[in-house]
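Please look over the chain shown below before reading on. The report moves from exposure and overall form to the sheet, and then to particular residues.

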Amino acid sequence: MATGKCPKCEKTVTRLKLEGVDATEGFSTGGWKAVTLLCPSCSTVLGAAIDPIAIKTDIINSLKRT
Ligand SMILES: [Zn+2]
């Protein structure tokens, strides 16, 4: 059972809302697909990560090109 609480609305976070965002390094263009993990009640960002599905696809595509 989930017991973690959102720091903003203090509701117990039983699930996370995923939102796709772009992650870039410095001023470079392109970058990676990432996701932010949001509180489903108030949409506060609780965490962020590189999109694991998109990064897998990107790696496979770049290997195919070489
Ligand atoms: Zn919240």
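## Exposure and the loop residue Ser41

A residue is called buried if 20 or more other C-beta atoms lie within 10 Å of its own, exposed if 12 or fewer do, and partly exposed in between, with the C-beta atoms placed from the backbone. Ser41 has 14 C-beta neighbours inside 10 Å and therefore counts as partly exposed. The model is a predicted one, and the descriptions that follow should be read as descriptions of that prediction.

Ser41 is located in the loop between strand 2 and strand 3. Once residues up to four places away in sequence are set aside, Ser41 touches Cys6, Cys9 and Lys11. For one of these residues, Lys11, the separation from Ser41 is 30 residues in sequence, while their C-alpha atoms are 7.7 Å apart in space.

## Overall form of the chain

The protein chain has one helix and three strands, and, read from the N terminus, its elements follow the order β-β-β-α. Its radius of gyration is 15 Å, well over the 11 Å that the globule rule gives for 66 residues, so the protein chain is more spread out than a compact globule. Measured out along its principal axes in the model, the C-alpha trace spans about 50 × 30 × 10 Å.

Buried residues account for 5% of the 66 residues in the protein chain. Where contacts between residues at least 6 apart in sequence are considered, 27% of them join residues that are at least 24 apart.

## The three-stranded sheet

How are the three strands ordered, and is their pairing parallel or antiparallel? They form an open sheet in the order 1-2-3, and the pairing is antiparallel. Strand 1 (17-23) and strand 3 (45-50) stand at the edges with a single partner strand each, so one side of each is left without a neighbour in the sheet. From one strand to the next, the twist averages 30°.

Strand 1 and strand 2 are paired in the antiparallel sense over seven bridges, and within this pairing Asp22 has Lys33 of strand 2 as its bridge partner. Strand 2 and strand 3 also pair in the antiparallel sense, over five bridges. On the strand 3 side, Ala34 is bridged to Ile50, Val35 has Ala49 as its partner, and Leu37 stands opposite Gly47.

## Thr36 in strand 2

Thr36 belongs to strand 2, which covers residues 32-38. Is Thr36 buried or partly exposed? It has 18 C-beta neighbours inside 10 Å, and because a residue needs 20 or more to be called buried, Thr36 counts as partly exposed.

When neighbours within four places in sequence are left aside, the contacts of Thr36 are with Glu19, Val21, Val45 and Ala48. Glu19 and Val21 fall in strand 1 (17-23), whereas Val45 and Ala48 fall in strand 3 (45-50). The C-alpha atom of Thr36 is also separated by 6.4 Å from that of Ala49, a residue 13 places away along the chain. As a general point, the side chains of a regular strand alternate between the two faces of the sheet.

## Residues with positive phi

Which residue in the segment before strand 1 has a positive phi although it is not a glycine? Glu10 lies in that segment, and its phi is about 60°. With 10 C-beta neighbours inside 10 Å, Glu10 counts as exposed.

Ser43, which is likewise not a glycine, has a positive phi of about 65° and lies in the loop between strand 2 and strand 3. The hairpin of strand 2 and strand 3 has six residues between the strands, and it is there that Ser43 takes its positive phi. Ser43 has 14 C-beta neighbours inside 10 Å and therefore counts as partly exposed.

Technical notes. Residues are numbered from 1 along each chain as its sequence is written. This is a predicted model: local features need pLDDT of at least 70, side-chain atom pairs count only at pLDDT 80 or more; totals for chains, interfaces and linings use all residues. Helices (H or I, at least four residues) and strands (E, at least two) are DSSP runs, numbered from the N terminus. Two residues are in contact if their C-beta atoms, placed from the backbone, lie within 7 Å. The radius of gyration is taken over C-alpha atoms; the globule rule is 2.2 Å times the number of residues to the power 0.38. Two strands pair if DSSP finds at least two bridges between them. Axes are lines fitted to C-alpha atoms, for helices over the stretch in contact, and angles run from 0 to 180 degrees between N-to-C directions.
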